[in-house]
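Q: Got a minute to go through this model with me? I'd like to start with how the helices sit on the sheet.

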Amino acid sequence: MLSPRPEVLALSEVIHGALNHTELAALGIDPASVIDFSASVNPFGPSPRVIEAIANSQIHCYPDRDATEFRQALASHLGVPKDCLIAGNGSSELLYLIGLAFLRSADQVLVVGPTYSEYSRVAQLMGATVSCCQASPRSGFQFPTRSLEESIRALRPRAVFVCHPNNPTGQLTPTAAIYLWADEFPQTLFIIDEAYIEFSPDAQSFTKSIRDNIVVLRSMTKAHGLAGLRLGYAVSTPAVIDLLARVRPPWSVSTIAQNAGIAALQDSTYLQRALASLAAEKTLLEERLAALGAMTFPSETHFFLIRVANATATRQQLLNSGILVRDCTSFGMPGFLRISPQTPPQNTLFCEAWKQLPVGC
Ligand SMILES: Cc1ncc(COP(=O)(O)O)c(C=O)c1O
């Protein structure tokens with residue numbers, strides 16, 4: 001076999017939430033019997049208008065490579081020009097396009113952690129050197145403003161990855177600090193991942209003020225419930241968007257995804273209702289878990305952390321009861337689970353399973 005690029009061999013293992021069908025097959029568990037609290041997706045699913053748009057999609061032609069109508073719908077929704085937008089096959093694709101377009105071997109890259117592992121993986125794949133600036137559990141995982149500023153000054157990184165609100169901690173980013181640094185360090189690209197921003201009513205979006213060295217990533221898969229369809233977008237200046245478009249594989253966003261995206265944006269009433277129900281479910285679940293003695297951490301999103309003695313063992317125990325949670329060990333947090341509230345009956349099943357956990361989990 002040909003030897004691959006060394007960066008490929010050095011890549012860290014891919015660990016994410018959501019059902020791992022290979023794992024479940026090995027355990028003899030039917031995926032249909034598992035309730036997924038590990039993926040932070042709107043549990044009420046997409047708007048009925050999305051289902052209709054999918055059914056009416058023509059698939060014998062290639063999709064519009066530029067997703068023009070979807071971007072037009074987004075432009076009106078966000079109040080930004082269409083040239084400032086690019087669609088992707090999930091925001092994941094756009095992360096890799098940013099790597100391809102901007103990161104070079106030996107670049108310094110800063111990641112604000114603990115956070116989504118794909119930032120480091122993209123940077124490593126491009127041969128960059130990754131450093132992490134960590135939020136601490138002692139401060140409730142608040143954004144590490146001071147240490148990040150010190151790291152930016154010391155390293156002068158090519159890129160800084162920030163998740164806003166952060167996965168898995170649910171904490172927000174101070175927007176003013178990022179804008180100050182973006183002005184002071186024009187040679188640093190700030191990648192702000194807003195995949196979960198719809199779940200955080202108090203969050204200020206970075207799409208409101210766009211600069212050449214800020215790229216905002218958005219996902220349509222989470223709040224709009226389109227995880228299986230794959231749709232996301234990036235917001236930046238036309239010059240940056242043009243560079244991302246140059247490295248994107250053709251037709252990466254299907255006609256079905258584009259049509260679904262337009263329909264999802266049109267049904268804001270459905271989204272607002274779903275998000276309000278989910279917020280109420282989160283509060284209720286937190287209260288019920290607290291009453292059962294669980295140590296939950298406050299978050300600015302729908303998902304939240306629970307402190308446990310051993311996250312891997314507790315995840316396994318819950319999986320045996322048909323409940324999948326996110327073991328945060330791969331985030332460097334072996335004493336935490338991340339859970340995302342589901343529908344009311346499913347949350348009741350979660351609490352039942354929690355009660356059955358052996359002492360010490
Ligand atoms: C913080 C964060 N960003 C991006 C993604 C990828 O989302 P998408 O489905 O849009 O590719 C995820 C998925 O879990 C995520 O947690």
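Q: Which strands does helix 7 lie across?
A: Helix 7 (residues 145-155) lies across strand 3 (108-113), strand 4, strand 5 (159-163) and strand 6. Contact here means heavy atoms within 4.5 Å. Helices (H or I, at least four residues) and strands (E, at least two) are DSSP runs, numbered from the N terminus.

Q: And at what angle to strand 3?
A: Helix 7 runs at about 175 degrees to strand 3. Axes are lines fitted to C-alpha atoms, for helices over the stretch in contact, and angles run from 0 to 180 degrees between N-to-C directions.

Q: What about helix 8, which strands does it lie across?
A: Strand 5, strand 6 and strand 7. Helix 8 covers residues 175-184 and runs at about 155 degrees to strand 6.

Q: Before I go on, what kind of model is it?
A: This is a predicted model: local features need pLDDT of at least 70, side-chain atom pairs count only at pLDDT 80 or more, and totals for chains, interfaces and linings use all residues. Residues are numbered from 1 along each chain as its sequence is written, and side-chain values use heavy atoms, with hydrogens and water left out.

Q: OK, the sheet. What's the strand order?
A: The order is 2-8-7-6-5-3-4, seven strands in an open sheet with mixed pairing. Two strands pair if DSSP finds at least two bridges between them. Strand 2 (85-88) and strand 4 (129-134) are the edges, each pairing on one side only. Neighbouring strands are turned by 20 degrees against each other on average, direction ignored.

Q: How do strands 6 and 7 pair?
A: In the parallel sense, over four bridges, with strand 6 at residues 189-193 and strand 7 at 214-219. Asp193 has Leu217 of strand 7 as its bridge partner.

Q: Switching to the ligand. Which residues are closest?
A: Ser92, Asp193, Ser219, Lys222 and Arg230, out of 14 surrounding residues. The cut-off is a heavy atom within 4 Å. Helix 5 (residues 90-102) gives the largest share of the shell, three residues.

Q: What polar contacts, pairs of N or O atoms within 3.5 Å, does the ligand make?
A: Among them, a ligand nitrogen is 2.6 Å from a side-chain N or O atom of Asp193. A ligand oxygen is 2.7 Å from such an atom in Tyr196. For Ser219, a ligand oxygen is also 2.7 Å from a side-chain N or O atom.

Q: How much of the ligand's area does the protein cover?
A: The protein covers 91% of the 400 Å² of accessible area that the ligand has on its own. That uses the Shrake-Rupley method with a 1.4 Å probe.

Conventions
Polar contact = N/O pair within 3.5 Å; in protein donor to acceptor, adjacent residues only side chain to side chain.
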